[in-house]
Amino acid sequence: MTGIPATMSAIDPAGPGGPEVLKPVERPVPAPGPGEVLVEVGAAGVNRPDVMQRMGLYPPPPGAPTIPGLEVAGRVVSVGEGGDQSMVGQAVCALVAGGGYAQYCVAPTGQCLPLPPALTMVEAAAIPETFFTVWSNLFERGGAKAGDAVLVHGGTSGIGTTAILLGRLFGLKVIVTAGSAEKCRRALEIGAAEAIDYREQDFVEEVKRVTGGAGVQVVLDMVGGDYLPRNLACLAEEGRHVSIAAQRGAKAEIPIWPVMAKRLTLTGSTLRARSTEFKSALAAELKREVWPTLEAGRLKPVIDSVFPLEQAAEAHRRMESGEHIGKIVLEVS
């Protein structure tokens, strides 16, 4: 690790709390093990799980760093034992299980993807977490295919805007919910087919109206709680409900007869604790199916705001405000 410093600046709170606990501290630069690379971080994405981790509600999986941050973009500066030395110097973005809020971060080699030349470092850092999540849940678990109508809650979140972008790319009719007329307008600009203001409209009735009573093939849900039975009412026959978070509660009452009558499937997943093998396979699929469009500059993530690493607290306040549209990113000097 010649030329690499022994310590780095990182955000690594000593305990749970509000955004104010996110202060820069000095930490040892991690060393990559076999099958890993060390990335000098240029930018790191901010995601809802980071907020939950900060609050003490989503601890890192065993072996993951306590430093938050699930996605980075930067340059490979060293490789672990037996690794491909030709990767040194390459610009990459990577999905990681933690450690992104720092000047250096270890990433599994298979979870690194080449930084598309049409994207900035900030834009590339906004890709891995949401693209991996939407790909694995909307397209794989949900089985969405060209011509399908899908309902996505949180339409202007990082997940929501990614679902709109990838949905358009693969021929889906993406119907989203959002919490204001302005957010609905932005969702339509980004490419949603329909946008429902859930504060002013009954999304179940609106979905029935815009689908001519047929319903949607897939619901991608991050809300949970009392939304679940309402989501099931939105599904067409053979529809799939995919849960990826539970912001309104982890318990719900499910009406069984509609599940039987419409032959519905209820599924869901988390990403962070999945194996490196699973995530590497996802990376390979994204590289094959999505990367050419990114490399050609025809697809870019929606960026809400950019903060320097030392202002991670402000980035979290922005996310908790619920006012963001698209991704929040930390720029690392």
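**Ring pairs, charge pairs and helix α11**

F139 counts as buried, with a relative accessibility of 12%. That value, like the others below, comes from a predicted model. The cut-off for buried is under 20% relative accessible area, and F139 falls under that limit because its value is 12%.

F139 leads to the aromatic contacts. The model holds 4 aromatic pairs. In one of them, the ring centres of F139 and F170 are 5.4 Å apart and the ring planes stand at 65°, so the pair is edge-to-face. F139 belongs to helix α3 (residues 128-141), whereas F170 sits in the loop between α4 (158-169) and β9 (173-178); the pair therefore ties together parts that are 31 residues apart in sequence. Is F170 buried or partly exposed? At 23% relative accessibility, F170 counts as partly exposed, so this edge-to-face pair joins a buried ring to a partly exposed one. Ring pairs also bring in W135, which forms a cluster with F139 and F170.

Rings also meet charged groups. The charged end of R274 sits over the ring of F278, at 3.6 Å from the ring centre. R230 lies over the face of Y227, and here the distance to the ring centre is 5.4 Å.

The next topic is pairing between charges. Side chains of opposite charge can pair when their charged atoms come close. The count of salt bridges in the model is 18. One of these joins R185 to E189, with the closest N and O atoms 2.2 Å apart. Both residues lie in helix α5 (residues 181-190), and their separation of 4 residues is about one turn of the helix. R185 is partly exposed at a relative accessible area of 38%, and E189 is partly exposed at 47%. Which residues are linked with R185 and E189 in a network of salt bridges? They are E182 and R186, and the network consists of E182, R185, R186 and E189.

Two further salt bridges involve helix α11. In the first to be described, the side chains of R318 and D304 meet at 2.9 Å, N to O. R318 is in helix α11 and D304 is in strand β14 (residues 303-308), so the bridge ties together parts that are 14 residues apart in sequence. R318 is partly exposed, with a relative accessible area of 25%, and D304 counts as partly exposed at 22%.

The other bridge is between E320 and R54, whose closest N and O atoms are 3.0 Å apart. This pair links distant parts of the chain: E320 is in helix α11 (residues 312-321) and R54 is in helix α1 (residues 48-54), 266 residues apart. The two ends differ in accessibility, because E320 is partly exposed at 36%, whereas R54 is buried at 5%.

What remains is the buried side of α11. Its buried residues are A312, A313, A315, H316 and M319. Viewed down the helix axis, the buried residues of α11 fall within an arc of 160°, so they line one face of the helix. Which elements do these residues pack against? They pack against β1 (7-11), β3 (36-46), α1, β14 and β15 (327-331). Two of these elements have already appeared as salt-bridge partners of α11: α1 holds R54, and β14 holds D304. Just after α11, G322 takes a positive phi of about 75°.

How values were computed:
Residues numbered from 1 in each chain as written. Predicted model: local features only at pLDDT ≥ 70, side-chain atom pairs only at ≥ 80, totals over all residues. Heavy atoms only, no water. Salt bridge = Lys/Arg side-chain N within 4 Å of Asp/Glu carboxyl O. Helix = DSSP H or I, 4+ residues; strand = E, 2+ residues; numbered from the N terminus. Buried < 20%, exposed > 50% of the residue type's maximum accessible area, 1.4 Å probe, protein only. Phe/Tyr/Trp six-rings, centres within 6.5 Å; stacked < 30°, edge-to-face > 60°. Lys NZ or Arg CZ within 6 Å of the ring centre and 35° of its normal. Arc of directions from axis to C-beta. Contact = heavy atoms within 4.5 Å.
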